[in-house]
Amino acid sequence: MSETLLIDEIIAKYQEYVNPGLTALMRFAGFSDVEVFAEGCILKTSSGEEYLDCLGGYGVFALGHRHPKVVEAVHRQLDEIPLSSRTFFNAPLAILAESLARITPGNLQYSFFSNSGTEAVEAAIKIARAASGKPNFICTTGGFHGKSMGSLSATGRDVFRKPFNPLVPGFMHVPFNDAAAVKEAIDENTAAVLVEPIQGEGGINLPSDSYLPELKRICEDTGVYLILDEVQTGMGRTGALFACEQWKVTPDIMTLAKALGGGVMPIGATIATKEIWDKAFGENPLVHTSTFGGNQLACSAALAAIRAIEEEGLLQNAKIQGKKLLEGLRQVQTRFPNALKEARGLGLMIGVEFEIEDVAELSINGMSRRGIIAAYTLNNPKVIRFEPPLILTAEQTEKIINVFGESVEEAINALGV
Ligand code: PLP
């Protein structure tokens, strides 16, 4: 079977058995190929093309693909005990929980482990309700917390919510970066304020410096929990291990997933203070559970990932390359002010907002033809996000900037805008 036939057959199976609409979307964006190998920042396809992965699995690949320390830890664990019997104590889970208590800010202490970001958010919602005895949550317009029923109720975009109504009751949305709106929305039935420190899928929206400290103060004053969803911003993405540290704010509950598994295993975590934990799980330790959550394979990957981030100076590299990338993208923006509205970001969590959606789509296509994978944010198709691995080199940063400039220019010329 020739490589081309193989690619066509795989795409036909997507069309026939997976999701025809998604197949069309992927084709239009220029991703008509099959991924077969990945290492570091590079992804290879069946047709022999090489791509610099600038999307990074929506933030999963902080350590790049197949980081050797994570792969080694997972191999070792695979040969011992990969999944828990769920009867005896599990060493990687215990050590990971201790590590998270050590590296997360404030007095976050107890961890519940799951397998994805949406599950981490579901757990946070349930823990906050059980601990507070109150039903309601204040979230933000454009915020993204996942697509299962509870987390979707917190997600602030109608296009994802509408087909599934009625959602879980008790979720109210206020504009992001508006602490006064949160204050006004809080009442005696509010359990928690649930926000991302930087909106990822909403379009890489940064808060003002006062936003998170103000939310913290409002939550403290009103006895409402602050839940920070660090599923995308966590594990070094912004140049700090957790984005909330950039504003010296400590949540009562934090959610993690994506990069936590070192780009090798899926894992989610919900970390809360002892006070909250005792209230939520005090009467019944089995009130919230997951069969696969906290399995040894995933926990050993997360432990190796934490070690690698600490040992390899990746926070510093995220800051340095992030600054260079943002500066370069801003220069491109000034060349095409009619097409590009703004480049913004922190560390290696960067977005470029376009004036016209079609130019963004065509630019993504142009970048993929030039060997760079990028994508728009789920809740805002006018924003192309750049979330490359934190191991990115200076040469790779340079390449991203150049390719982006060429692709935007090509898209503008093609569309005549
Ligand atoms: N929370 C945030 C901030 C996210 O960005 C995402 C996914 O993009 C999620 C939750 C949901 O994660 P998952 O897709 O692993 O369920």
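**A chat about the fold, helix α13 and E387**

Student: What radius of gyration does the chain have, and what would a compact globule have with 417 residues?

Tutor: The chain has 21 Å, and a compact globule with 417 residues would have a value near 22 Å, so the two agree. Keep in mind that this is a predicted model. Along its principal axes, the C-alpha trace spans about 60 × 55 × 45 Å.

Student: And how many helices and strands are in the chain?

Tutor: The chain holds 15 helices and 15 strands. Of its 417 residues, 55% count as buried. Among contacts between residues at least 6 apart in sequence, 72% join residues at least 24 apart.

Student: Let's pick a helix. What should α13 span at 1.5 Å a residue?

Tutor: Helix α13 runs over residues 314–335, so its 22 residues should span 32 Å; the end C-alpha atoms are 31 Å apart, which agrees.

Student: Which of its residues are buried?

Tutor: They are L314, N317, A318, Q321, G322, L325, L326, G328, L329, V332 and Q333. An α-helix has 3.6 residues a turn, so residues three or four places apart point the same way.

Student: What covers them?

Tutor: The cover includes helices α12 and α15, along with strands β11, β12 and β15.

Student: New topic: where does E387 lie, and is E387 buried or exposed?

Tutor: E387 lies in the loop between β15 and α15. E387 counts as buried because its relative accessibility is 0%.

Student: What does its side chain make a polar contact with?

Tutor: The side chain of E387 makes one with the side chain of R385, at 3.3 Å. Leaving out residues up to four places away in sequence, E387 also touches several others, among them C54, Y58, Q232, R237 and M349.

Key: Residues are numbered from 1 along each chain as its sequence is written. This is a predicted model: local features need pLDDT of at least 70, side-chain atom pairs count only at pLDDT 80 or more; totals for chains, interfaces and linings use all residues. Side-chain values use heavy atoms; hydrogens and water are left out. Helices (H or I, at least four residues) and strands (E, at least two) are DSSP runs, numbered from the N terminus. The expected span of a helix is 1.5 Å times one less than its number of residues. Buried means under 20% relative accessible area, exposed over 50%, partly exposed in between (1.4 Å probe, protein chains only). Contact means heavy atoms within 4.5 Å. A polar contact is a pair of N or O atoms within 3.5 Å; within protein, one must be able to donate a hydrogen and the other to accept it, and residues adjacent in sequence count only if both atoms are side-chain atoms. The radius of gyration is taken over C-alpha atoms; the globule rule is 2.2 Å times the number of residues to the power 0.38.
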